[in-house]
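Biologist: Please give me a close look at a single part of this model, with charge pairing as the topic. Set the rest of the chain around it as you go.

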Amino acid sequence: MAGTKVLRSLLHELRQASPNGCIKDSLAARYILAQYKKFATTEQQFCKARNEATFLGQTYLTYLASQRQYVELYKEYHGRGERSVRDTADLVGFKLPSDPK
């Protein structure tokens, strides 16, 4: 991924993780933007740390996406007490036989 694409994806994941969806005052967003500005390169400049910064950004992106997916799965499958047989069958993808009485 290019550096700009990683940055946009990171900010998107931070927006997803934010309770109100706004990252304007977020310390994490400020830090990430500052790091990207710090390691920005031009045509006249060679920077070995650029690849390291991109790798670190991709690592943060993977962590944030994994955390978001974990929370979604936890909310969906976490035990909420006793479930009916129909709810359990729907949860695992089974269909109950119809009982014509």
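Modeller: Accessible areas here are computed by the Shrake-Rupley method with a 1.4 Å probe. On that basis the protein has an accessible surface of about 8700 Å², and carbon and sulfur atoms account for 56% of it. The model is a predicted one. Buried residues are 18% of the 101 residues in the protein. The fold contains four helices and zero strands, so in the order α-α-α-α from the N terminus on, by the DSSP runs used here. Of the contacts between residues at least 6 apart in sequence, 49% join residues at least 24 apart.

Now the charge pairing. The count of salt bridges comes to two, and Glu13, Arg68 and Glu72 are linked in a network of them. In one bridge, the side chain of Arg68 meets that of Glu13 at 3.0 Å, N to O. Arg68 belongs to helix H3 and Glu13 to helix H1, so this pair ties together parts that are 55 residues apart in sequence. In the other bridge, Arg68 meets Glu72 at 3.5 Å, N to O. Here both partners sit in helix H3, four residues apart, which is about one turn of the helix. Side chains of opposite charge can pair when their charged atoms come close.

The three residues can also be placed by their accessibility. Glu13 has a relative accessible area of 7%, so it counts as buried, the cut-off being under 20%. Arg68, at 28%, is partly exposed because its value falls between 20% and 50%. Glu72 is also partly exposed, with 45% relative accessibility.

What lies around this network in the same model? The largest nonpolar core has ten residues, namely Val6, Leu7, Leu10, Leu11, Leu14, Ile23, Ala29, Ile32, Leu61 and Leu64. Helix H1 (3-17), helix H2 (27-38) and helix H3 each supply at least two residues of this core. Helix H1 gives the most, with five residues. In soluble globular proteins, nonpolar side chains tend to be buried together. Within the core, Ala29 touches Leu11, Leu14 and Ile23, leaving aside residues up to four places away in sequence.

Helix H3 spans residues 49-77 and includes Gly57. With a relative accessible area of 4%, Gly57 is buried. Leaving aside residues up to four places away in sequence, Gly57 touches Val6, Leu10 and Tyr36. Two of these, Val6 and Leu10, are listed in the nonpolar core. Gly57 and Ile32 are 25 residues apart in sequence, and their C-alpha atoms are 8.4 Å apart in space.

Helix H3 also reaches a nonpolar surface patch. This patch, of about 510 Å², is made by Leu73, Tyr77, Leu91, Val92 and Phe94. Leu73 has its place in helix H3. Both helix H3 and helix H4 (85-92) supply at least two residues of the patch.

To bring this back to your request: Arg68 takes part in a bridge to Glu13 and in a bridge to Glu72. The bridge to Glu13 ties helix H3 to helix H1, whereas the bridge to Glu72 stays in helix H3.

Technical notes
Residues are numbered from 1 along each chain as its sequence is written. This is a predicted model: local features need pLDDT of at least 70, side-chain atom pairs count only at pLDDT 80 or more; totals for chains, interfaces and linings use all residues. Side-chain values use heavy atoms; hydrogens and water are left out. Buried means under 20% relative accessible area, exposed over 50%, partly exposed in between (1.4 Å probe, protein chains only). Contact means heavy atoms within 4.5 Å. A nonpolar core is a set of buried Ala, Val, Leu, Ile, Met, Phe, Trp, Tyr and Cys residues joined through side-chain atoms within 4.5 Å. Patches are made of residues with over 30% relative accessible area and no salt bridge: like charges are joined within 9 Å, nonpolar side chains (Val, Leu, Ile, Met, Phe, Trp, Tyr) within 5 Å. A salt bridge is a side-chain nitrogen of Lys or Arg within 4 Å of a carboxyl oxygen of Asp or Glu.
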